[in-house]
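The following exercises ask the reader to work through one chain, element by element. Each task is followed by a stepwise solution.

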Amino acid sequence: MDDENERAARAKKGSPFLNTAQAAFYVGLSQRTLEKMRLKGGGPQFRKHGRFVRYHIDDLDTWSKGLPQASESAKDRDGGRS
């Protein structure tokens, strides 16, 4: 795990592009979750560099910020109309 941290830190300094393992660590998800999101949609934007999938750090940050989610209590108060 520490190796992934170091690689992600080096990538952020040298290149803005992260592989799936680095991107997953960066956003706090599993690699498998990102892979599923690539197939089903809803995940961060990715790029194909030849046969390699790469995530740009800015795209990960943008996706992570996303739209704020309504809390369960807010849904309860307004009957789920948020």
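**Exercise 1. Determine the strand order and the sense of pairing in the sheet.**

Solution.
- Step 1. In this predicted model, the sheet is open and is formed by three strands in the order 1-3-2, with antiparallel pairing.
- Step 2. Strand 1 (17-18) and strand 2 (47-49) are the edge strands, each pairing on one side only.
- Step 3. Helix 4 packs on this sheet and touches strand 1, strand 2 and strand 3; the direction of helix 4 makes about 65° with that of strand 3.
- Step 4. Two bridges support the antiparallel pairing of strand 1 with strand 3. Across this pair, Leu18 has Tyr55 of strand 3 as its bridge partner.
- Step 5. Strand 2 and strand 3 are also antiparallel, joined by three bridges. Here Lys48 has Val53 in strand 3 as its bridge partner.
- Step 6. Strand 2 and strand 3 form a hairpin with two residues between the strands, and in this hairpin Gly50 adopts a positive phi near 65°.

**Exercise 2. Place the sheet in the order of elements along the protein chain.**

Solution.
- Step 1. The protein chain contains five helices and three strands.
- Step 2. Read from the N terminus, the elements follow the order α-β-α-α-β-β-α-α.
- Step 3. Consider contacts between residues at least 6 apart in sequence: 39% of them join residues at least 24 apart.

**Exercise 3. Identify the residues of the largest nonpolar core and the elements that give two or more residues to the core.**

Solution.
- Step 1. Of the 82 residues in the protein chain, 22% count as buried.
- Step 2. The largest nonpolar core has eight residues: Leu18, Ala23, Ala24, Leu34, Val53, Tyr55, Ile57 and Leu60.
- Step 3. Two or more residues of this core come from each of helix 2 (20-27), strand 3 (52-56) and helix 4 (57-65).

**Exercise 4. Characterise the surroundings of Tyr55.**

Solution.
- Step 1. Tyr55 lies in strand 3. Its relative accessibility is 1%, and Tyr55 therefore counts as buried, the cut-off being under 20%.
- Step 2. Residues up to four places away in sequence are set aside. Tyr55 then touches Pro16, Phe17, Leu18, Asn19, Thr20, Ala23, Leu34, Arg38, Pro44, Gln45, Phe46 and Leu60.
- Step 3. Among these partners, Arg38 makes a polar contact through its side chain with the side chain of Tyr55, at 3.0 Å.
- Step 4. Tyr55 and Asn19 are separated by 36 residues in sequence, yet their C-alpha atoms are 6.3 Å apart.

**Exercise 5. Describe the ends of helix 2 and the packing of helix 2 against helix 3.**

Solution.
- Step 1. At the N-terminal end of helix 2, Asn19 acts as a cap, with a side-chain oxygen 3.1 Å from the backbone nitrogen of Ala21.
- Step 2. After helix 2 comes Gly28, which has a positive phi near 80°.
- Step 3. Within helix 2, the residues Thr20, Ala21, Gln22, Ala23 and Ala24 are buried.
- Step 4. Two packed helices are described by the angle between their axes and the distance between the axes. For helix 2 and helix 3 (residues 31-40), the axes come within 8 Å and cross at roughly 105°. Helix 2 is therefore roughly perpendicular to helix 3, since this class covers 65 to 115 degrees.
- Step 5. The residues that meet are Thr20, Ala21, Ala23 and Ala24 of helix 2 and Gln31, Leu34, Glu35 and Arg38 of helix 3.

**Exercise 6. Are His56 and Asp59 buried or exposed, and which residues do they contact?**

Solution.
- Step 1. His56 belongs to strand 3. Its relative accessibility is 14%, so His56 counts as buried.
- Step 2. Apart from neighbours within four places in sequence, His56 contacts Pro16, Phe17 and Arg47.
- Step 3. Asp59 belongs to helix 4. With a relative accessible area of 16%, Asp59 is buried.
- Step 4. Under the same exclusion of neighbours within four places in sequence, Asp59 contacts Pro44, Gln45 and Arg47.
- Step 5. Arg47 is thus a contact of His56 and also of Asp59.

Note on methods: Residues numbered from 1 in each chain as written. Predicted model: local features only at pLDDT ≥ 70, side-chain atom pairs only at ≥ 80, totals over all residues. Heavy atoms only, no water. Core = buried A, V, L, I, M, F, W, Y, C linked by side-chain atoms within 4.5 Å. Buried < 20%, exposed > 50% of the residue type's maximum accessible area, 1.4 Å probe, protein only. Helix = DSSP H or I, 4+ residues; strand = E, 2+ residues; numbered from the N terminus. Contact = heavy atoms within 4.5 Å. Polar contact = N/O pair within 3.5 Å; in protein donor to acceptor, adjacent residues only side chain to side chain. Pairing = 2+ DSSP bridges. Axes fitted to C-alpha atoms, helices over the stretch in contact; angles between N-to-C directions. Parallel < 35°, antiparallel > 145°, perpendicular 65-115°, else oblique.
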